[in-house]
Amino acid sequence: MSAAAPLDAATKGRVLIPFALVTMIWGSTWLAIHSQFGPVSTEWSVTYRFAVGAISMFVVAVAMKVPLRMRLSDHALAAALGLVVFVINYNCVYASEQHITSGLVAVIFSLLVPLNAILARVFLKQELSRPFLMGSGVAMLGVVLLFLHEWRAVDRNPHEVTLGIGLALVAVTFASFGNVFQGSARARQVPMATLLAWAMGWGALLDAIIAWVRTGPPVFDLRLSYISGLLYLGVIASAVAFTLYFNLIRRIGAARGGYVNVMIPVIAMGFSTLFERYLWSVEAMLGGLLVIAGLVVAMRARGEAPAPKKA
């Protein structure tokens, strides 16, 4: 394992605010997703979310004056990213939350750290140092404690829980492929706003096809809670958060960027404490502390090799 240079002070300063914003935004989405359950199928709710996200991203791209036109090969790239992240990943996330608690889904998504590290090593040839892996090990121990806590909180039958966990594992696997894929030299050739706008657009189109085939014509919910939740998930949690997150991955690498998803369960539990009177157990508190400690060690360690140069 190579000893790639640690993050310098300037880079740490530039990534601190985006890192904090993404964790805070996605740490709250587990509550917002529940507002989408009701008369609208999860497939159509996912479709509406990324349709709103795509429109928002096109507005951002226009405001940034980046080109919206892409080559056919770039559209294929965007469609592939849309398929793995905004279709397979999120349809599985929404479906899994109907079978297990949102806290358990959030904890399972912490697996993005080892998955991102492995896939970045295989496909992007990014190296990891022993201190980084040690910090990640400490954080994963914390995740195990959080998982045990959330597992004990599940009061559904074992078959339903197994299905929910299986769907969440499929989701996190495809999310990791998307994370590493968009950090590749090929993806870096396309401006982030342009790539995300078209990826969400293609993703929303594919989501709509799946929703229509599986559940029939579109249905909408006019409740204020559904509409406000949809706008939050589409604009803030999709357009804003993914722009910050993918830029973060391009700057500090997939493995370090994946730490956003290690912090999310801790943030989600914090929101649950405020809004759902969530009570912290000893193992949950210890797990949260280990996650934070592992994050500090991993971020300060010599981490990933420099990102691959453009082809």
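Me: What makes the contact between Arg71 and Asp74 a salt bridge?

Reply: The term asks for a side-chain nitrogen of Lys or Arg within 4 Å of a carboxyl oxygen of Asp or Glu. Here the nitrogen of Arg71 and the oxygen of Asp74 are 3.3 Å apart, so the pair meets the rule. Please keep in mind that this is a predicted model, where local features need pLDDT of at least 70, side-chain atom pairs count only at pLDDT 80 or more, and totals for chains, interfaces and linings use all residues. Residues are numbered from 1 along each chain as its sequence is written, and side-chain values use heavy atoms, with hydrogens and water left out.

Me: Which other residue joins Arg71 and Asp74 in a network of salt bridges?

Reply: That is Arg186. Its side chain meets Asp74 in a salt bridge of 2.6 Å, N to O. This second pair links distant parts of the chain: Asp74 sits in helix α3 (residues 72-96), Arg186 in the loop between α7 (158-182) and α8, and their positions lie 112 residues apart in sequence. Helices here are DSSP runs of H or I with at least four residues, strands are runs of E with at least two, and both are numbered from the N terminus.

Me: Why is Asp74 called buried, and what is the class of Arg186?

Reply: Buried means under 20% relative accessible area, exposed means over 50%, and partly exposed lies in between, with a 1.4 Å probe and protein chains only. Asp74 has 7%, so it counts as buried. Arg186 has 28% and is therefore partly exposed.

Me: How many salt bridges are there by this rule, and how do you know that Arg223 takes part in one?

Reply: The count comes to 4. For Arg223, the partner is Asp221, and their closest N and O atoms are 2.7 Å apart. Asp221 is buried because its relative accessibility is 6%. Arg223, at 37%, is partly exposed.

Me: What makes Asp207 a buried residue without a salt bridge?

Reply: The nearest side chain of opposite charge, Arg49, is 8.9 Å away from Asp207. In this count Lys and Arg are positive, Asp and Glu are negative, and His and the chain ends are not counted. Asp207 is found in helix α8 (residues 192-215). It touches Glu43, Val46, Thr47, Phe50, Phe86, Val87 and Asn91, leaving aside residues up to four places away in sequence. Touching means contact, that is, heavy atoms within 4.5 Å.

Me: Why is Lys65 called exposed, and what is unusual about its phi?

Reply: Lys65 has 74% relative accessibility, so it counts as exposed. Its phi is near 60 degrees, a positive value in a residue other than glycine. Most residues other than glycine have a negative phi. Lys65 lies in the loop between α2 (42-64) and α3. From Lys65 to Ala193 is 128 residues in sequence, while their C-alpha atoms are 9.8 Å apart in space.

Me: What makes Ile118, Val122, Phe123 and Phe177 a nonpolar patch?

Reply: Patches are made of residues with over 30% relative accessible area and no salt bridge; nonpolar side chains (Val, Leu, Ile, Met, Phe, Trp, Tyr) are joined within 5 Å, and like charges within 9 Å. Val122 has 44%, which makes it partly exposed. Together the four residues have about 390 Å² of accessible area, a value from the Shrake-Rupley method with a 1.4 Å probe, where for residues only the protein chains shown count as cover.

Me: Where does the largest share of the patch come from, and how do you know that the length of α5 agrees with a helix of 12 residues?

Reply: Helix α5 (residues 112-123) supplies 3 residues of the patch. The expected span is 1.5 Å times one less than the number of residues. For α5 this gives 16 Å, and its end C-alpha atoms are 15 Å apart, which agrees. Leu112, Val113, Asn116, Ala117, Leu119 and Ala120 of α5 are buried, whereas Pro114, also in α5, is partly exposed at 30%.

Me: How many helices and strands does the whole chain have?

Reply: There are 12 helices and 0 strands. Of its 311 residues, 56% count as buried.
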